[in-house]
Amino acid sequence: MKDSAVLVIDAMINFVLGFLLVVFPTDVVELLGLPMVNHAFYPTMLGAVLIGISIALLLECNRHASGMVGLGLGGAIAINLCAAFVLAFWLLNGKLRVSLFGQIILWIITVILVVISSFEIFVYCKTKK
């Protein structure tokens, strides 16, 4: 699989997660058992960052020689692993007050981020040989 295809998949996942955070549907947050906040400022800002990352990934995979540079595979790996490790830290330290279902959802997101990063590292190593 080409680097650009992996970046498109990563971009789509970031966009969907970002969009959900930007619109911040409280019904979905409650349904998933995720932590509620008093104000939607931080979740919507995080959503905007994720959407920005997805746009940067799409710019990178559609880049031309003289075109705008986006975010490459190395940056995508760094962002995904950083998010996964911080989320895992919150889940493991026991100070995050969410339901069991919410914890399961957050662990699934953590695993998805690690799997995406592992796949991206595999693709990178394979294409560099």
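**Entry 1: the nonpolar patch**

I started with the surface and found a nonpolar patch made of Phe 15, Val 16, Phe 19, Leu 20, Val 22 and Val 23. Together these six side chains' residues offer about 500 Å² of accessible area. A reminder to myself: this is a predicted model, and every value in these entries is computed from it.

I then picked Val 16 out of the patch and looked up its place, which is helix α1, residues 3-23. Is Val 16 buried or exposed? Neither quite fits: its relative accessible area is 48%, so I noted Val 16 as partly exposed, given that exposed would need over 50%.

**Entry 2: the two rings in the patch**

Next I went looking for aromatic pairs, and the count came to one. The pair is Phe 15 with Phe 19, whose ring centres are 6.4 Å apart and whose planes meet at 20 degrees. Why did I write the pair down as stacked? The planes are at 20 degrees, and planes under 30 degrees apart count as stacked. The centres also pass, because 6.4 Å is within the 6.5 Å cut-off.

I checked where the two rings sit along the chain. Both Phe 15 and Phe 19 belong to helix α1, four residues apart, which is about one turn of the helix. For exposure, I have Phe 15 at 37% relative accessibility, so partly exposed. Phe 19 comes out at 44%, and counts as partly exposed too.

**Entry 3: from α1 across to α3**

I wanted to see what α1 comes up against, so I took Leu 17, which lies in that helix. Its relative accessible area is 31%, so Leu 17 is partly exposed. How far is Leu 17 from Gly 47, C-alpha to C-alpha? I get 6.9 Å, although 30 residues separate the two along the chain.

Val 49 was my second stop, and its place is in helix α3. At 47% relative accessibility, Val 49 is partly exposed. From Val 49 I looked back to Phe 15, one of the stacked rings, and found their C-alpha atoms 9.5 Å apart, with their positions 34 residues apart in sequence.

**Entry 4: two more long-range contacts to look at**

I moved to the start of α1, where Asp 3 is found. Asp 3 has 25% relative accessibility and so counts as partly exposed; buried would need under 20%. Its C-alpha atom is 7.1 Å from that of Leu 73, 70 residues away along the chain.

Then I tried a loop. Met 36 sits between α2 and α3, and with a relative accessible area of 40% it is partly exposed. The C-alpha atoms of Met 36 and Val 98 are 8.8 Å apart in space, against 62 residues in sequence.

**Entry 5: the largest pocket**

How much space lies in the largest pocket? I noted about 1,100 Å³. Its lining takes in 30 residues, and those nearest the centre are Leu 21, Leu 46, Leu 87, Leu 106 and Ile 109. I also looked up which helices contribute to the lining: α1, α2 (26-32), α3 (41-61), α4 (73-93) and α5 (100-128) each supply at least two residues.

**Entry 6: the whole chain**

I finished by stepping back. The chain has five helices and zero strands, and from the N terminus on the order reads α-α-α-α-α. Along the principal axes, the C-alpha atoms fill a box of roughly 45 × 25 × 20 Å. What share of the 129 residues is buried? My note says 29%.

Note on methods
Residues numbered from 1 in each chain as written. Predicted model: local features only at pLDDT ≥ 70, side-chain atom pairs only at ≥ 80, totals over all residues. Heavy atoms only, no water. Patch = residues over 30% accessible without salt bridge, like charges linked within 9 Å, V, L, I, M, F, W, Y side chains within 5 Å. Areas by Shrake-Rupley, 256 points an atom, 1.4 Å probe, with all protein chains shown as cover. Salt bridge = Lys/Arg side-chain N within 4 Å of Asp/Glu carboxyl O. Buried < 20%, exposed > 50% of the residue type's maximum accessible area, 1.4 Å probe, protein only. Phe/Tyr/Trp six-rings, centres within 6.5 Å; stacked < 30°, edge-to-face > 60°. 1 Å grid on protein atoms, 1.4 Å probe; cavity = no way out; pocket = protein on both sides within 12 Å on 5 of 7 lines; lining within 4 Å. Points joined across faces, edges and corners; volume = space filled by probe spheres on them.
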